[in-house]
Amino acid sequence: RIAATLVLGAALAPGLSAPAGAGQGEMESRTVAADAYKLRMQGKVDDARALLEKAIRDNPRDAAAEYELARTSFHMALGDPKRLEEGLGVAQQSIARAREIDPTNVIYPFFEGHIALLQAYPSLMQNRPDTREKVARVCAAFESALKLKPDYRQAMLYLVEIYGTLPEDQGGDKSKAEKYASQSEGIAIGR
């Protein structure tokens with residue numbers, strides 16, 4: 001039940017927003033990412049991917065394009081179960097580059113947690129030996145988001161559910177679940 005709930009949440013991951021005071025280059029980057037997002041929502045995922053890959057070739061430091069490429073790859077992976085693992089690997093590489101380019105953007109480690117969760121799902125369901133390691137990657141990503149934004153309630157709630165419902169041998173930790181649950185109390189929804 002936990003894995004299905006968390007995976008559904010991962011599939012409904014967060015979107016783009018331009019921060020106040022963004023410079024011209026950053027706004028252009030976000031425009032390309034927003035255009036690719038629109039293409040993806042219209043079902044034109046190959047066009048979205050091509051647009052993003054060109055933007056990244058033109059500007060290898062385009063974190064927003066890397067982020068949207070990660071989201072596009074994630075979307076494509078969900079639509080093709082035979083290529084799920086490969087697509088998630090591409091998404092993981094893109095989000096890692098986005099984090100490297102812009103380590104202060106909280107949405108990047110948060111989305112990385114979503115990718116890692118979907119990558120961990122088969123191990124969770126089949127109780128594979130690598131489950132604990134994969135769950136640790138999920139939690140590390142959400143905890144990285146909390147380092148950037150300590151009142152990020154959504155990240156806390158993922159950690160509460162993961163740590164609180166998984167057995168210890170799969171990465172569960174009741175004390176951490178309680179800690180994050182306590183921290184999340186009183187934080188407004190949507191923060």
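**Close-ups of a predicted model**

**View 1. Q170 and the residues it touches.** Leaving aside residues up to four places away in sequence, Q170 is in touch with L124, N127, T131, R132 and V135. Keep in mind for this and every other view that the model is a predicted one. Q170 itself sits in the loop that links α8 and α9. Is this loop residue buried or exposed? With a relative accessible area of 9%, Q170 counts as buried, because the cut-off for buried is under 20%.

**View 2. Helix α8 against helix α9.** Here we look at the two helices on either side of the Q170 loop: α8 covers residues 153-165 and α9 covers residues 174-184. Their axes come within 8 Å and cross at roughly 155°. That angle makes the pair roughly antiparallel, since anything over 145 degrees falls in that class. As for handedness, α8 goes past α9 in a left-handed crossing. On the α8 side, the residues in the contact are R153, M156, L157, L159, V160, Y163, G164 and T165. Facing them from α9 are K174, K176, A177, Y180, A181, Q183 and S184. Sorted by class, this contact has eight nonpolar, four polar and three charged residues.

**View 3. Helix α8 again, this time with α6.** Now the partner is α6 (107-126). The axes of α6 and α8 come within 11 Å, with a crossing angle of roughly 25°. The two helices are therefore roughly parallel, as angles under 35 degrees are counted that way. This crossing, too, is left-handed. Which residues make the contact between α6 and α8? From α6 come F110, H114 and L117, and they meet Q154, A155 and Y158 of α8. In terms of class, the α6 and α8 contact splits into four nonpolar and two polar residues, with no charged ones.

**View 4. T104, in the loop before α6.** This close-up moves to the loop between α5 (84-101) and α6 (107-126), where T104 is found. T104 counts as exposed, because its relative accessibility is 61% and the cut-off for exposed is over 50%. Its side chain makes a polar contact with the side chain of D102, at 2.9 Å. Also worth picking out is A145, which lies 41 residues from T104 along the chain. The C-alpha atoms of T104 and A145 are 9.2 Å apart.

Notes. Residues numbered from 1 in each chain as written. Predicted model: local features only at pLDDT ≥ 70, side-chain atom pairs only at ≥ 80, totals over all residues. Heavy atoms only, no water. Helix = DSSP H or I, 4+ residues; strand = E, 2+ residues; numbered from the N terminus. Buried < 20%, exposed > 50% of the residue type's maximum accessible area, 1.4 Å probe, protein only. Polar contact = N/O pair within 3.5 Å; in protein donor to acceptor, adjacent residues only side chain to side chain. Axes fitted to C-alpha atoms, helices over the stretch in contact; angles between N-to-C directions. Parallel < 35°, antiparallel > 145°, perpendicular 65-115°, else oblique. Left-handed = near helix turned anticlockwise from the far one by under 90°. Contact = heavy atoms within 4.5 Å. Nonpolar A, V, L, I, M, F, W, Y, C, P; charged D, E, K, R; others polar.
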